[in-house]
Amino acid sequence: MKATDLLTQQHQTVSRLFKAIESAKSGEDKQKLFRELASNLTAHDGIERETFYPACKEVMGLNDDLGEALVEHGVIEFALYQANEAVGEDDFDFKCKVLQELVEHHVKEEEEEFFPKVEKAIEASTLESLGEEMEEDFEDKLEEDFQEPLYENLRQVLAGLLETEPKARKSA
Ligand SMILES: [Fe+2]
């Protein structure tokens, strides 16, 4: 399957899980569905960041679409972390809602703006082999506990951010 089709298919799974969480009958069901969602999102994030985005960058350079996607991934991870920390608590529902809105925005931009450009820039056969590699990787990642890669990514994002000083302070 082409990498872009694989990612689109995974977006649909994620959107189905968000809807299922919303209509879950019991707290237990909701938690189980959320864990499934979190595993899917983390594995999806992993194959995009490790394989798909670097392949796009090689061909298209770090353009605005790609830059935006990368920043959004960091924000989504932070929202996922917050929802995960709130599982079973009163603040879970609104934290999960924020996560859903961020993911929906990101998915829309990828599917409507970014993927069509990628499909023009990268040959179909390359997208096909990329997709195969990503699909295998995704299955492996789904088996892992999502919390490890999620918290490790966040640590890296935060460490990178904390190295820099606020702009105002630097120029003062
Ligand atoms: Fe993405």
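**Exercise 1. Place Val157 in the fold and decide whether Val157 is buried, partly exposed or exposed.**

*Solution.* Start with the secondary structure: Val157 sits in helix H6, which covers residues 147-162. Keep in mind that this is a predicted model. Next, check the accessibility. Val157 comes out at 34% relative accessibility, so it counts as partly exposed; the partly exposed class runs between 20% and 50%. Finally, look for a partner far off in sequence. Val75 is 82 residues away along the chain, yet the two C-alpha atoms are separated by 9.7 Å.

**Exercise 2. Stay in helix H6 and work out which residues Leu154 touches, leaving out those up to four places away in sequence.**

*Solution.* Leu154 is also part of helix H6. Its relative accessible area is 7%, and because buried means under 20%, Leu154 is buried. Now list the neighbours: Leu154 touches Glu77, Phe78 and Tyr81. For a sense of scale, try Lys32, which is 122 residues from Leu154 along the chain; their C-alpha atoms are separated by 23 Å.

**Exercise 3. Find where Lys25 lies and say whether Lys25 is buried or exposed.**

*Solution.* Look between H1 and H2: Lys25 is in the loop there. With 80% relative accessibility, Lys25 counts as exposed, since the cut-off for that label is over 50%. Then measure across the model to Ser125. The two residues are 100 apart in sequence, and their C-alpha atoms are 44 Å apart in space.

**Exercise 4. Describe the largest nonpolar core, and use Phe34 and Val103 to explore what packs there.**

*Solution.* Step one is the count: this core has 22 residues, and Phe34, Leu37, Leu99 and Val103 have the most contacts inside it. Step two is where the residues come from. Helices H1 (3-22), H2 (27-60), H3 (64-85) and H4 (92-121) each give two or more residues. As background, nonpolar side chains tend to be buried together in soluble globular proteins.

Step three is Phe34, which is found in helix H2. At 0% relative accessibility, Phe34 counts as buried. Setting aside residues up to four places away in sequence, Phe34 touches Ile21, Leu80, Ala83, Asn84, Val87, Phe92, Cys96 and Leu99. Between Phe34 and Leu162, 128 residues apart along the chain, the C-alpha separation is 30 Å.

Step four is Val103. Beyond its neighbours within four places in sequence, Val103 is in contact with Val14, Phe18, Leu41 and Ile76. Apart from this core lies another one, with 19 residues, among them Ala43, Phe114, Met134 and Phe138.

**Exercise 5. Which residues coordinate the iron ion, and how are these donors spaced in sequence?**

*Solution.* Pick out the donor atoms around the metal: Glu48 (OE), Tyr53 (OH), His73 (NE2), His106 (NE2) and Glu110 (OE), at 2.0 to 2.6 Å. Written as a pattern, the donor residues run E-x4-Y-x19-H-x32-H-x3-E. Now zoom in on the end of that pattern. His106 and Glu110 both belong to helix H4 and lie four residues apart, which is about one turn of the helix. Both of these residues are buried.

**Exercise 6. How many aromatic pairs does the structure hold, and what is the geometry of the Phe52 and Phe114 pair?**

*Solution.* The count is eight aromatic pairs. Phe52 and Phe114 form an edge-to-face pair, with 6.3 Å centre to centre and 75° between the planes. The pair joins distant parts of the chain, with Phe52 in helix H2 and Phe114 in helix H4, 62 residues apart. Then check burial: Phe52 has 0% relative accessibility, so it counts as buried, and Phe114 is buried too, with a relative accessible area of 3%. To finish, widen the view: Phe52, Tyr53, Phe114 and Phe115 make up one aromatic cluster. Tyr53 is also one of the iron donors.

**Exercise 7. Describe how H2 and H5 cross and which residues meet there.**

*Solution.* Helix H5 spans residues 124-143; the axes of H2 and H5 come within 9 Å and cross at roughly 150°. This crossing is right-handed. On the H2 side, the residues that meet H5 include Ala43, His44, Ile47 and Phe52. On the H5 side, they include Leu130, Met134, Phe138 and Leu142. Two residues from that contact list, Met134 and Phe138, also appear in the core of 19 residues.

Notes. Residues numbered from 1 in each chain as written. Predicted model: local features only at pLDDT ≥ 70, side-chain atom pairs only at ≥ 80, totals over all residues. Heavy atoms only, no water. Core = buried A, V, L, I, M, F, W, Y, C linked by side-chain atoms within 4.5 Å. Buried < 20%, exposed > 50% of the residue type's maximum accessible area, 1.4 Å probe, protein only. Contact = heavy atoms within 4.5 Å. Donors = N, O, S within 2.8 Å, 3.2 Å for Na, K, Ca; no water. Phe/Tyr/Trp six-rings, centres within 6.5 Å; stacked < 30°, edge-to-face > 60°. Axes fitted to C-alpha atoms, helices over the stretch in contact; angles between N-to-C directions. Left-handed = near helix turned anticlockwise from the far one by under 90°.
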